[in-house]
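Here are a few short exercises to work through with the viewer open. Try each one before you read its solution.

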Amino acid sequence: MTSSTQPDRTALTQPDPVVVSLAYHSGFGHTAVLAEAVRAGAADAGATVHLIKVDEITEAEWEQLDASDAIVFGSPTYMGTASGAFHVFAEATSARWATRAWQDKLAAGFTNSASKSGDKLHTLQFFTVLAAQHGMTWVGLNLLPGWNSSTASENDLNRLGFFLGAAAQSPNDQGAEGVHKADIATAEHLGRRITEQARIVAAGRAALAA
């Protein structure tokens, strides 16, 4: 017979929510829509989520990034790469690079441009190199490409066929309302995926430490 004074071991082993932070810049509001979608997906999967605008980042927000299990990078694609504001942030992470503060965290990314290609792949590759320099582990989209057959639809998930991260296309003559609903859903998927992978990593580390 179990004593009523014994601790509830189920409660004791319940894992803490993983922490996912989104470090992003949005020039005209489109990328902010994607950031909110990633946030919603991550929160839906059980994460504690922080939205951090890199062009307004505070010391407290730097510390939030340091304490995160996963960091998702986001930027519009301008002239074939991430925005200037994001590049300034990336260079400022060198202080973290020197101390390996982000080593073994998970990383992912998302971007938007007015063209369906727009050289968005280069922005996502820039994110992966940044993550690699920090010793982070990259998490891709893990979605098959949509909208690639005569019976497919532009409303498919991953309609632009990217694998490294979530990519969106928004008309340059429309504001944030022009972000495609399929791209929003794809960004939500990325939020759920990074959270699920972070939970797996956290559980593995806990098991190794036991």
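**Exercise 1.** Find where valine 139 sits in the chain, then work out whether its side chain is buried or exposed.

*Solution.* Keep in mind that this is a predicted model. Start with the position: valine 139 belongs to the loop between strand E6 (137-138) and strand E7 (166-169). Next, check the accessibility. The relative accessible area of valine 139 is 6%, and buried means under 20%, so valine 139 is buried. Now look at what surrounds it: leaving out residues up to four places away in sequence, valine 139 touches Leu106, Ala107, Ala108, Leu164, Arg193, Ile194 and Gln197. Finally, try a distance: the C-alpha atoms of valine 139 and threonine 128 are 9.3 Å apart, with their positions 11 residues apart along the chain.

**Exercise 2.** Pick out the aromatic pairs that involve phenylalanine 86 and classify their geometry.

*Solution.* Begin with the count, which comes to 8 aromatic pairs. Take phenylalanine 73 with phenylalanine 86: the ring centres are 5.9 Å apart and the planes meet at 80°, so this pair is edge-to-face. Phenylalanine 73 lies in strand E3 (residues 70-78) and phenylalanine 86 in helix H4 (residues 84-92), so the pair ties together parts 13 residues apart in sequence. Then move to phenylalanine 86 with phenylalanine 126: here the centres are 6.3 Å apart and the planes are at 75°, so that pair is edge-to-face too. With phenylalanine 126 in helix H6, this one links parts that are 40 residues apart in sequence. Zoom out, and ring pairs join Trp62, Phe73, Phe86, Phe89, Trp102, Phe126 and Phe127 into a cluster. As for burial, phenylalanine 73 has 0% relative accessibility and counts as buried, and phenylalanine 86 is buried at 0% as well.

**Exercise 3.** Check lysine 120 for a salt bridge, and list what it touches.

*Solution.* Locate it first: lysine 120 is in helix H6 (residues 120-133). Then look for a partner. The nearest side chain of opposite charge is aspartate 183, 7.3 Å away, while a salt bridge needs the atoms within 4 Å. Lysine 120 is buried yet has no salt bridge. Its contacts, not counting residues up to four places away in sequence, include Thr77, Asn112, Ser115, Phe162 and Gln169.

**Exercise 4.** Which residues form a nonpolar patch on the surface?

*Solution.* The patch is made of Phe28, Tyr78 and Met79, with about 430 Å² of accessible area together. Now zoom in on one member: phenylalanine 28 is in the loop between strand E1 (19-24) and helix H2 (30-44). Phenylalanine 28 is exposed, at a relative accessible area of 67%.

How values were computed: Residues are numbered from 1 along each chain as its sequence is written. This is a predicted model: local features need pLDDT of at least 70, side-chain atom pairs count only at pLDDT 80 or more; totals for chains, interfaces and linings use all residues. Side-chain values use heavy atoms; hydrogens and water are left out. Helices (H or I, at least four residues) and strands (E, at least two) are DSSP runs, numbered from the N terminus. Buried means under 20% relative accessible area, exposed over 50%, partly exposed in between (1.4 Å probe, protein chains only). Lys and Arg count as positive and Asp and Glu as negative; His and the chain ends are not counted. Contact means heavy atoms within 4.5 Å. Patches are made of residues with over 30% relative accessible area and no salt bridge: like charges are joined within 9 Å, nonpolar side chains (Val, Leu, Ile, Met, Phe, Trp, Tyr) within 5 Å. Accessible areas come from the Shrake-Rupley method with a 1.4 Å probe; for residues, only the protein chains shown count as cover. Rings of Phe, Tyr and Trp (its six-membered ring) pair if their centres lie within 6.5 Å; planes under 30 degrees apart count as stacked, over 60 as edge-to-face and the rest as tilted.
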